[in-house]
Amino acid sequence: TEASAFELLGSIVINVPFDAFRDHLKNLFSILLTKLQQGKTPRYVNLVTNFFALYIGKFGPQAYFDQLNAIQPGLGLMLLSQVWVGRLNTDPPLRMDAKVQVVGLTKVLCETPALLSDPNTQQVWAQVLEGVMKVITNPNANMGGGSAAASGAGGGDDDDDFEVEIGYDSQFSKLHFAARPVTDPFPEVRDPPLALVQGLHALCASQPG
């Protein structure tokens with residue numbers, strides 16, 4: 001299933017050294033974007049944006065922009081403003097997915113000074129900040145709580161996959177429903193909202209006026 005595929009991708013990002021899969025990233029991103037272009041379902045948008053947030057959280061925003069802009073100039077910014085931020089507004093992430101989103105997008109906001117270089121990119125920056133604030137202030141977010149799919153940046157509720165799996169046999173279903181350990185990709189970030197505030201403070205200090 002799509003969720004399982006993204007869970008595997010997330011596990012690779014979390015556990016495998018970057019240099020071990022660096023050469024495959026261009027093909028990987030191309031495949032993800034082709035799928036996004038062919039069938040932009042809300043579920044797939046959730047999965048792919050959660051993966052991007054995890055990727056940025058681990059390797060930085062420049063790694064994200066470099067990969068996407070190598071496919072098409074300006075693609076990283078366009079995807080961020082036209083697809084990713086919209087998802088945060090219409091279907092805000094919950095539990096561990098919420099934490100991953102806040103961590104990843106905090107890096108976009110605070111470690112991409114080029115976004116503050118002209119009015120157009122400043123508008124995107126403001127949209128991202130608004131989206132992050134909606135995640136943080138969502139009373140149902142339970143940020144960092146358990147989500148089976150989130151352990152690999154899968155994204156959101158995995159009920160669709162459970163329904164498919166149940167048809168095979170009851171013993172497998174019991175195993176599938178057994179609580180899978182939720183891996184926190186960013187255990188060092190104990191308080192994502194505080195990390196955002198601290199990052200914005202450092203950004204303001206480095207950008208006087």
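This report walks through the salt bridges and the cysteines of the structure above. Keep in mind as you read that the model is predicted.

**Salt bridges**

Let's start with charged side chains that pair up. Across the whole structure, a search turns up four salt bridges. Three of them, including their N to O distances, are set out here.

| Acidic residue | Basic residue | Closest N and O atoms |
|---|---|---|
| Glu2 | Lys35 | 3.3 Å |
| Asp19 | Arg22 | 2.5 Å |
| Glu111 | Lys107 | 3.5 Å |

Take the pair of Glu2 and Lys35, whose closest N and O atoms are 3.3 Å apart. What does this pair link? It joins distant parts of the chain, with Glu2 in helix 1 (residues 2-15) and Lys35 in helix 3 (residues 25-38), and the two residues lie 33 residues apart. You can trace both helices in the structure and find where these side chains come together. Glu2 is partly exposed, at 28% relative accessibility. Lys35 also counts as partly exposed, at 35%.

Next come Asp19 and Arg22, which form a salt bridge with 2.5 Å between the closest N and O atoms. Is Asp19 buried or exposed? Asp19 is exposed, because its relative accessible area of 57% is over the 50% cut-off. Its partner Arg22 has a relative accessibility of 42% and so counts as partly exposed.

The side chains of Glu111 and Lys107 meet in another salt bridge, at 3.5 Å from N to O. Glu111 is partly exposed, with 44% relative accessibility. For Lys107 the relative accessible area is 23%, so this residue is partly exposed as well.

**Cysteines**

Now for the sulfur atoms. In general, a disulfide is a covalent bond between the sulfur atoms of two cysteines. How many disulfides does a search of the whole structure find? The count is zero.

Cys110 shows how this works out: it is in no disulfide, and the nearest cysteine sulfur, that of Cys204, is 8.5 Å away. Why does Cys204 not bond with Cys110? The sulfur of Cys204 has its closest cysteine sulfur in Cys110, and at 8.5 Å that is too far for a bond, because a disulfide needs the two sulfur atoms within 2.5 Å.

The surroundings of these two cysteines are worth a look too. Cys110 is buried, with a relative accessible area of 17%, whereas Cys204 counts as exposed, at 54% relative accessibility.

Key
Residues are numbered from 1 along each chain as its sequence is written. This is a predicted model: local features need pLDDT of at least 70, side-chain atom pairs count only at pLDDT 80 or more; totals for chains, interfaces and linings use all residues. Side-chain values use heavy atoms; hydrogens and water are left out. Helices (H or I, at least four residues) and strands (E, at least two) are DSSP runs, numbered from the N terminus. Buried means under 20% relative accessible area, exposed over 50%, partly exposed in between (1.4 Å probe, protein chains only).
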